[in-house]
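Here's a quick briefing to read alongside the coordinates. Have the viewer open and click along as you go.

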Amino acid sequence: MLFDTHCHVNDEAFAADREAMLQRAFDRGVQYLLCPGTDLRTSREAVALSRQYRQVYAAVGIHPQEAAQVQPGDLAALRHLAETEAKVVAIGEVGLDYHWPEPARELQQQVFIEQVKLAVELDLPIDIHDREAHGDTLDILRQYGKGLRGVFHCYSGSLEMAEELIKMGFYIGFTGSMVYSGSRKLKRIVKALPADRILVETDCPYLTPPQHRGERNEPAYVHYMADEVARLRQWDAAEAGRITTENGKRIFNIL
Ligand SMILES: [Zn+2]
């Protein structure tokens, strides 16, 4: 049993073989997939896939890299999707990305804050993208997200920050980056966290694990992350799959 808690299975990288790609994941024991949106169009695509496949759940949101493209009415449309679609289980992916100079940080922050408020209002967990923006992401959550729970996907912070996030009610998602032998910091974090806050994800089509380096990533590969968690925690593989799946179902309130 596996839960790929962050996979862009709506991406155009899968246009030619989406059905077969999903079938490979199901055959590999992936029983749950969470597909996040990155803008209104991809949020709608995520919802459409959640209607089509029992295993697929959706998050709706505007990614920080899309902050400059937001149109009036987009947030209201996201809200409508979240309120009316049963399989929208989170607001995401949202957050801050300071790796590139654009969009301007102030604009990213404004779009993030709006969506933090939306998650609080709708009482939904939030799926967070935080790249080189740890301080501001935490500040915004503390200021606008009182009581908010959620996930830091593709975690890249310190152990100290992860421990702080766990106190705040967050779960920590690990991608293929964690599997690489050089990722000592992330492996140390996997070992130190409470078992009930660890999630695995592919973030496909990006962040391919080392076993398929250079290829397109897909949800059938999420077991590599669970296997590495198992190795680090000295669990067996099935146990790692079961624990991370239960964690995902708990945070996203999937029965
Ligand atoms: Zn993503």
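What follows is a short tour of a buried acid, a few charge pairs, a helix and a pair of strands.

Keep in mind that this is a predicted model. The charge pairs include a network built on Asp-17, Arg-24, Arg-216 and Glu-218, while Asp-11 is a buried acid with no salt bridge. Helix 8, for its part, is mostly covered.

**Asp-11, a buried acid**

- Asp-11 sits in the loop that runs between strand 1 (2-4) and helix 1 (18-27).
- Which side chain of opposite charge is nearest to Asp-11? That's Arg-18, but at 6.9 Å away there is no salt bridge. The cut-off for one is 4 Å between a side-chain nitrogen of Lys or Arg and a carboxyl oxygen of Asp or Glu, so 6.9 Å doesn't make it.
- What the Asp-11 side chain does reach is the backbone nitrogen of Ala-13, at 2.8 Å.
- Setting aside neighbours within four places in sequence, Asp-11 is in contact with Arg-18, Pro-205 and Tyr-206.

**Salt bridges**

- The count for the model comes to 14 salt bridges.
- One of them joins the side chains of Asp-17 and Arg-216, at 2.9 Å from N to O. Asp-17 is in the loop between strand 1 and helix 1, and Arg-216 is in the loop between strand 8 and helix 8, so this pair ties together parts that are 199 residues apart in sequence.
- Arg-216 also forms a salt bridge with Glu-218, with the closest N and O atoms 3.2 Å apart.
- Buried or exposed? Glu-218 counts as buried, at 4% relative accessibility. Asp-17 is partly exposed at 22%, and so is Arg-216, with a relative accessible area of 27%.
- Over in helix 9, the side chains of Arg-242 and Glu-246 meet in a salt bridge at 3.6 Å, N to O. These two are four residues apart in the helix, so about one helical turn separates them.
- Both ends of that pair are partly exposed: Arg-242 has a relative accessible area of 35%, and Glu-246 is at 39% relative accessibility.
- Back at the loops, salt bridges with shared partners link Asp-17, Arg-24, Arg-216 and Glu-218 into one network.

**Helix 8**

- Helix 8 covers residues 222-233, and its 12 residues should span 16 Å at 1.5 Å a residue. The end C-alpha atoms are 17 Å apart, which agrees.
- How many residues of helix 8 are buried? The tally is 10 of its 12.
- The buried ones include several with charged or polar side chains, among them His-223, Glu-228 and Arg-233. Val-222, Met-225 and Leu-232 are also on the buried list.
- What covers these buried residues includes strand 1, strand 2 (30-36), strand 7 (170-174) and strand 8 (198-200). Helix 7 (184-192) and helix 9 (237-251) are part of the cover too.
- Just after the helix, Gln-234 takes a positive phi of about 60 degrees.

**Strands 1 and 2**

- Strand 1 and strand 2 pair in the parallel sense, over three bridges.
- For Asp-4, the bridge partner in strand 2 is Leu-33.
- Strand 2 has six of its seven residues buried, so the rest of the structure largely encloses it. Strand 2 also turns up among the elements that cover the buried residues of helix 8.

Definitions and conventions. Residues numbered from 1 in each chain as written. Predicted model: local features only at pLDDT ≥ 70, side-chain atom pairs only at ≥ 80, totals over all residues. Heavy atoms only, no water. Buried < 20%, exposed > 50% of the residue type's maximum accessible area, 1.4 Å probe, protein only. Lys, Arg positive; Asp, Glu negative; His and termini not counted. Polar contact = N/O pair within 3.5 Å; in protein donor to acceptor, adjacent residues only side chain to side chain. Contact = heavy atoms within 4.5 Å. Expected span 1.5 Å × (residues − 1). Pairing = 2+ DSSP bridges.
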